[in-house]
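Where does a single strand sit among its partners, and how is each partner oriented? The paragraphs that follow take up these matters one at a time.

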Amino acid sequence: MKQDMILILDLGSEQNVIIAREIRALGVYTEIHPHDITLEELKKLPSVKGIILNGGKNRIVDGVAIDVRDEIYSCGIPMIAVDHKTNGRCPSVPSLGDCPHCRANALAEFVFEKCGCEKNWNMDNFISDQIELIRKQVGNGKVLLALSGGVDSSVVAALLIKAIGKNLTCVHVNHGLLRKGEPEQVVKVFRDEMDANLIYVDAVDRFLDKLAGVNDPEKKRKIIGAEFIRVFEEEARKLDGIAFLGQGTIYPDIIESGTKTAKAVKAHHNVGGLPDDLKFELVEPLKMLFKDEVRKCGKALGLPDNMVYRQPFPGPGLGVRCLGAITRDRLEAVRESDAILREEFASAGLEGKVWQYFTLIPDLKSVGVRDNARSFEWPVIIRSVNTVDAMTATIEHLPYDLLDRITRRIITEVKGVNRVLYDLTPKPTGTIEWE
Ligand code: XMP
């Protein structure tokens with residue numbers, strides 16, 4: 001293995017991620033593990049050069065202070081505690097102190113001087129280590145991957161192609177709710193350029209038939225999720241000898257799903273709900289990366305910028321932006337107007353500057369005039385927001401001439417649309433999506 005590692009043991013701290021990121025910023029790889037890791041488990045981790053005992057306010061569980069095992073205290077690997085109350089049964093473990101500035105220096109001193117780590121955490125080393133680990137895990141076995149074209153699944157695909165080539169089978173399900181050009185790009189990048197084993201499933205009619213007449217947003221989401229699993233499962237059953245399932249799980253998914261002391265923020269199921277008789281071992285090579293690191297990894301693997309720096313896109317796709325019961329003509333109008341919006345944002349230099357922007361179409365029509373005659377057509381609504389964590393959001397102050405250009409293009413180029421509106425509502429009270 002090419003990378004040294006500092007192990008963070010979670011003793012009820014709320015700062016695990018902050019410390020992990022501080023150490024990675026020093027150029028050294030870190031992982032967060034539960035406090036009760038055994039010596040045997042620790043020895044299986046590659047190149048652990050130092051251990052941080054990370055205590056905090058959740059240290060008391062059921063009235064008792066949790067602690068690491070004695071065998072870890074005596075394993076001989078250099079150790080430091082993040083707050084002085086964390087030394088547990090072993091007061092000889094030095095402490096980092098509480099002041100953030102002193103902590104940064106003390107962390108660097110611990111990592112480089114005490115543990116002798118090298119600054120060798122970088123994407124090239126990460127990729128070559130992961131390739132080695134993937135090959136060790138799967139041997140000559142076959143891996144299946146649901147490739148949506150989103151950042152995480154695309155980066156996993158690129159990494160697995162590098163590690164095992166044709167022993168990976170990617171399945172791309174086109175449910176008809178993707179943005180303009182996306183299914184084509186997935187085929188071009190993965191099948192044509194990376195020579196992947198890619199099964200493209202055109203399930204557009206199937207999804208749209210199932211969704212016909214369904215108004216309720218929650219029902220729409222459920223149908224899309226369940227149908228996706230059904231299609232994927234059908235494809236999996238057609239293949240022989242698949243033992244592994246690749247997944248684009250990333251570190252925040254694992255952290256948010258809860259450690260032993262922190263409460264779960266939300267449960268993450270990447271391919272939740274696959275039936276029990278499809279038994280796969282998971283391959284999750286990005287599970288220790290933060291989102292920005294996943295993007296760097298994708299870049300280093302040669303994926304195009306518009307795939308790696310994509311804005312967030314909901315799983316149910318354009319299905320939740322074609323409000324109410326989805327119809328093909330309105331869905332097409334959402335897709336076309338969204339493509340125009342993205343094109344104009346890119347020419348205005350706003351790509352990558354605004355967090356999320358898209359169009360949606362409500363299920364209503366208004367009266368207008370077109371070619372000297374009365375028209376009765378849909379409005380397109382523009383949403384353009386900034387946020388840090390998607391829990392709250394503010395509106396991007398778009399220049400008027402840009403809004404004007406976008407409006408003119410949409411009302412002339414998109415069939416069935418006679419008005420364009422800009423939604424100025426922050427979150428709260430509005431959510432980012434309308435459904
Ligand atoms: P809301 O509408 O709740 O959206 O303010 C917050 C962020 O989450 C995205 N979103 C989803 N992402 N699956 C996803 O992966 C979903 O079902 C989903 N619904 C909303 C939304 O686009 C926004 O970035």
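Two strands are said to pair if DSSP finds at least two bridges between them. With that criterion in hand, and keeping in mind that this is a predicted model, one can begin with strand S13, residues 366-370, which pairs with S14 in the antiparallel sense over five bridges. Within this pairing, serine 366 stands opposite glutamate 377 in S14. The hairpin formed by S13 and S14 has two residues between the strands, and in it aspartate 371 takes a positive phi near 50°.

Strand S14 itself covers residues 373-386, and it is mostly covered, with 10 of its 14 residues buried. In a regular strand, as a general matter, the side chains alternate between the two faces of the sheet.

S14 has further partners to follow. Strand S12, residues 356-360, also pairs with S14 in the antiparallel sense, again over five bridges, and here glutamine 356 stands opposite valine 385 in S14. Valine 385 appears once more in the pairing with strand S15, where this residue of S14 stands opposite isoleucine 395; S15, made up of residues 394-395, runs antiparallel to S14 and is joined to S14 by two bridges.

Which sense, parallel or antiparallel, describes the pairing of S14 with strand S16? Strand S16, residues 417-422, pairs with S14 in the parallel sense over five bridges, and isoleucine 382 stands opposite tyrosine 422 of S16 in this arrangement.

Terms used:
Residues are numbered from 1 along each chain as its sequence is written. This is a predicted model: local features need pLDDT of at least 70, side-chain atom pairs count only at pLDDT 80 or more; totals for chains, interfaces and linings use all residues. Side-chain values use heavy atoms; hydrogens and water are left out. Buried means under 20% relative accessible area, exposed over 50%, partly exposed in between (1.4 Å probe, protein chains only). Helices (H or I, at least four residues) and strands (E, at least two) are DSSP runs, numbered from the N terminus.
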